[in-house]
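Me: Please give me a close look at a single part of this model, one of its pockets. Then describe how the elements around it connect to the rest of the fold.

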Amino acid sequence: MQSKRLFGRRKVMAGAAATAGITIWSQRLSAQSGEIAVGAMVPITGPFNVSGQQYHYSLQMVQDEINAKGGVAGKKLKIVFEDVKDSNSVAVNAFLKVVRDTNAPFVFLSSYTTQNLASEPEVTKAQIPCVYAGGGDALHLKKNPWMFRIRPYDGLQALALAKHATEGLGKKKIGIIYVQNDFGQPGAIAAEKIVKAAGAQVVGMEAYAFTDNDMSAQLQKLKNVGADCLICISYGKDGALVLKLLKEMGIDLPVVISSGVMVPAARNLIAPDELAHVNGVMDAYLAPERGPDVAAYIKSFKDRFKIDPDPFGSCYYDAAWILKQAMDKAGPDRTKIRDELKAVKDYKGVTNTFTTDADGNMVHSLAVFSIKPGTRDPIFIRTITS
């Protein structure tokens, strides 16, 4: 029965892939002669796929572009995708499977902190260089020499959210609502400290579980204690629900919200009137006016996948080109690839400029946006740098 369900799911996914013009790799993971296989741990299905879809698409596109330019270390690049869903255990098993079946010299890890924290001990055992996009500070505090973060860390996100609420919007009584996990709680604590350091007051902090479908009690509490602004630290779908509830409840407060809600896939879940008082952060300002390379990436992505790209995907696109640069120098040697990643400095990608610090963080800035009235369109305000 299980095998039938799996076959059915693969058949549906293969049909969807054919419609979108994408590739799903077969069960046989080992690279052919003349190929170098690397792993990619992607939340393709389940509630984490808001960012996972972008990551999945961008790596498919960059694989083709890299191979059109000679591959990596003189061989074709083959990216072996594993669906990690929304499960830490699935993420760990997916990593172990790729290590076992491909002898990969490199792995793109998940875009979610909790999955990467669960996988981190196995990365250490395998001694495989990995990049990841989960922002949780707990990861870089482990100082794992094999792990490199390709998007802003959550401490920087908390700094940007708190600075914009206090300095940018001039608010003095801040309420914080956050998802209760290794992503949300540290971010909320960091934001609280920064708000207080700015001379403002945190009048309340309310948590919810990722699986919750009703945060109205927490939102009402924050209103009742006199908040004049809310900081929301969430993923995409739960953050969208928070904004919908605020509208339904008639709570007319400005909200400064984390990057998961500001990407196109999440904004499309929210009506324009529910975004009327929203400011937020994104990893980068991804727009054609930033230059020809950015414009070309946006056009190629949209032409192929029929949706707008966002920084959750483009950072993996950039990471793949950084990998090519590293492997063209080092070949498939894991230790040498790691050392090349440690040495990255001022690499100008589509998303950001990448420089590796002592903790393995490669990105050190965030962009702040408001929303154009009556639309879902972000308006760039400024960049905040660590």
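Reply: A pocket here is an open set of grid points where a probe fits, with protein on both sides within 12 Å along at least five of seven lines. The model is predicted, and the second largest pocket in it holds about 420 Å³ of space. The pocket is lined by 22 residues, and those closest to its centre are Pro264, Arg267, Leu286, Asp308 and Pro309. Helix α11 spans residues 264-267, and this helix gives the largest share of the lining, three residues. Pro264 and Arg267, two of the residues closest to the centre, fall within the range of α11. Helix α2 (49-68) also supplies at least two residues of this lining.

Helix α2 leads on to an enclosed space. Two cavities of 30 Å³ or more are counted, and the largest has about 200 Å³ of space. Its lining comprises 23 residues, of which Ser111, Tyr112, Tyr235, Gly260 and Phe312 are the closest to its centre. At least two lining residues come from each of α2, α9 (236-249) and α10 (259-262). The largest contribution, three residues, is that of α9. Thus α2 appears in the lining of the second largest pocket and in that of the largest cavity.

A contact of α2 can be followed from Tyr317, a residue of helix α13 (311-330). Why is Tyr317 classed as buried? Its relative accessibility is 9%, and the class buried covers values under 20%. Beyond residues up to four places away in sequence, Tyr317 touches Ser58, Met61, Val62, Glu65, Tyr297 and Val350. Among these, Ser58, Met61, Val62 and Glu65 have numbers inside the range of α2. Tyr297 is 20 residues from Tyr317 in sequence, and their C-alpha atoms are 9.3 Å apart.

Helix α9, from the cavity lining, leads to the nonpolar interior. Leu246 has a number inside the range of α9, and neighbours within four places in sequence aside, this leucine contacts Leu219, Leu230, Ile251 and Val255. The largest nonpolar core has 56 residues, and those touching the most other members are Ile176, Leu219, Leu230, Ile231, Leu243, Leu246 and Ile257. The element that gives the most to this core is α6, with six residues. Another core, of 46 residues, lies apart from it and includes Ile79, Phe301, Trp321 and Met362.

Next comes the sheet. Seven strands form an open sheet in the order β7-β6-β8-β9-β10-β13-β14, and the pairing is mixed. At its edges are β7 (201-208) and β14 (378-385), each paired on one side only. From one strand to the next the twist averages 20 degrees. Strands β8 (229-233) and β9 (255-257) run parallel and are joined by three bridges, and Cys232 stands opposite Ile257 in β9.

Two helices lie across these strands. Helix α6 (154-168) lies across β6, β8, β9, β10, β13 and β14, at about 115 degrees to β14. Helix α8 (216-224) lies across β6, β7 and β8, and runs at about 175 degrees to β7. Leu219, a contact of Leu246, is numbered within α8.

Key. Residues are numbered from 1 along each chain as its sequence is written. This is a predicted model: local features need pLDDT of at least 70, side-chain atom pairs count only at pLDDT 80 or more; totals for chains, interfaces and linings use all residues. Side-chain values use heavy atoms; hydrogens and water are left out. Two strands pair if DSSP finds at least two bridges between them. Helices (H or I, at least four residues) and strands (E, at least two) are DSSP runs, numbered from the N terminus. Axes are lines fitted to C-alpha atoms, for helices over the stretch in contact, and angles run from 0 to 180 degrees between N-to-C directions. Contact means heavy atoms within 4.5 Å. A nonpolar core is a set of buried Ala, Val, Leu, Ile, Met, Phe, Trp, Tyr and Cys residues joined through side-chain atoms within 4.5 Å. Buried means under 20% relative accessible area, exposed over 50%, partly exposed in between (1.4 Å probe, protein chains only). On a 1 Å grid over the protein atoms alone, a cavity is a set of points where a 1.4 Å probe fits but cannot get out, and a pocket is an open set with protein on both sides within 12 Å along at least five of seven lines; lining residues have an atom within 4 Å of a point. Grid points are joined across faces, edges and corners, and a volume is the space filled by probe spheres set on the points.
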